[in-house]
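The exercises below are meant to be worked through with the sequence and the coordinates at hand. Each task is followed by a solution that goes step by step.

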Amino acid sequence: MNKPAFELKASLFTLSVLFLQTYKLDEIEALLNDKAKQLPGFFDEMPVIIDLLKFSEQIDCLDLVQLKSLLLKFR
């Protein structure tokens, strides 16, 4: 029998949501740097949900691979 493609489990986690307002990674990085300076350690190993709803019509404008790399710098 084949394994299912994923498992979905409900848990109680505190999650932060990153509501992107721009697809310009340099602007996102600058603001994340500011936040990291204000709250040292805040982003350490923190799970984050990235809300891309604003880009549903123009998702090609956002480089998701680069965004992932950028966000991993703050873990």
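**Exercise 1. The chain as a whole**

Among contacts in the chain between residues at least 6 apart in sequence, what percentage join residues at least 24 apart? Then describe the order of the secondary structure elements and the overall dimensions of the chain.

Solution. The model is a predicted one, and every value that follows is computed from it.

Step 1. When contacts between residues at least 6 apart in sequence are taken, 83% of them join residues at least 24 apart.

Step 2. The chain has 2 helices and 2 strands, and read from the N terminus these elements follow the order β-α-β-α.

Step 3. The radius of gyration of the chain is 15 Å, whereas a compact globule of 75 residues would have one near 11 Å. The C-alpha trace spans about 50 × 30 × 20 Å along its principal axes, and 15% of the 75 residues count as buried.

**Exercise 2. The aromatic residues**

Find the aromatic pairs in the whole structure, classify their geometry, and state which parts of the chain the pair of F43 and F74 ties together.

Solution.

Step 1. Searching the whole structure gives 2 aromatic pairs. In one of them, the ring centres of F42 and F43 are 5.3 Å apart and the planes stand at 80 degrees, so this pair is edge-to-face.

Step 2. F42 counts as partly exposed because its relative accessibility is 40%, while F43, at 16%, counts as buried.

Step 3. F43 also pairs with F74, again edge-to-face, with 6.1 Å from centre to centre and 70 degrees between the planes. Because F43 lies in the loop between α1 (25-38) and β2 (48-51) and F74 in the segment after α2 (64-72), this pair ties together parts that are 31 residues apart in sequence.

Step 4. F42, F43 and F74 therefore belong to one aromatic cluster. Both F43 and F74 are buried.

**Exercise 3. The nonpolar core**

Which residues make up the largest nonpolar core, and which residues are in contact with F43 once its neighbours within four places in sequence are left aside?

Solution.

Step 1. The largest nonpolar core has 10 residues, namely L18, L20, I28, L32, F43, F55, L62, L67, L70 and F74. Helices α1 and α2 each supply at least two residues of this core.

Step 2. In soluble globular proteins, nonpolar side chains tend to be buried together.

Step 3. With its neighbours within four places in sequence left aside, F43 is in contact with L32, K35, A36, F74 and R75.

**Exercise 4. The salt bridges**

Locate the salt bridges in the whole structure, and say whether the residues K73 and E29 are buried, partly exposed or exposed.

Solution.

Step 1. The search of the whole structure yields 2 salt bridges.

Step 2. One of them joins the side chains of K9 and E7, with a distance of 3.5 Å from N to O. K9 is exposed, with a relative accessible area of 66%, and E7, at 62% relative accessibility, is exposed as well.

Step 3. K73 forms a salt bridge with E29, where the closest N and O atoms are 2.7 Å apart. This pair links distant parts of the chain, since K73 is in the segment after α2 and E29 is in helix α1, 44 residues apart.

Step 4. K73 has a relative accessible area of 56% and is therefore exposed, whereas E29, at 26% relative accessibility, counts as partly exposed.

**Exercise 5. Individual residues outside the helices and strands**

Describe the surroundings of T22, L15 and E45.

Solution.

Step 1. T22 lies in the loop between β1 (16-19) and α1, and T22 is buried, with a relative accessible area of 17%. The side chain of T22 reaches the backbone nitrogen of K24 at 3.1 Å. Leaving aside neighbours within four places in sequence, T22 is in contact with E27, I28 and F55.

Step 2. L15 is placed in the segment before β1 and, at 42% relative accessibility, counts as partly exposed. The C-alpha atoms of L15 and P47 are separated by 6.0 Å, although these residues are 32 residues apart along the chain. Beyond its neighbours within four places in sequence, L15 is in contact with P47 and I49.

Step 3. E45, in the loop between α1 and β2, is not a glycine, yet it has a positive phi of about 55 degrees. E45 is exposed, with a relative accessible area of 62%.

Definitions and conventions
Residues are numbered from 1 along each chain as its sequence is written. Side-chain values use heavy atoms; hydrogens and water are left out. Rings of Phe, Tyr and Trp (its six-membered ring) pair if their centres lie within 6.5 Å; planes under 30 degrees apart count as stacked, over 60 as edge-to-face and the rest as tilted. Buried means under 20% relative accessible area, exposed over 50%, partly exposed in between (1.4 Å probe, protein chains only). Helices (H or I, at least four residues) and strands (E, at least two) are DSSP runs, numbered from the N terminus. A nonpolar core is a set of buried Ala, Val, Leu, Ile, Met, Phe, Trp, Tyr and Cys residues joined through side-chain atoms within 4.5 Å. Contact means heavy atoms within 4.5 Å. A salt bridge is a side-chain nitrogen of Lys or Arg within 4 Å of a carboxyl oxygen of Asp or Glu. A polar contact is a pair of N or O atoms within 3.5 Å; within protein, one must be able to donate a hydrogen and the other to accept it, and residues adjacent in sequence count only if both atoms are side-chain atoms. The radius of gyration is taken over C-alpha atoms; the globule rule is 2.2 Å times the number of residues to the power 0.38.
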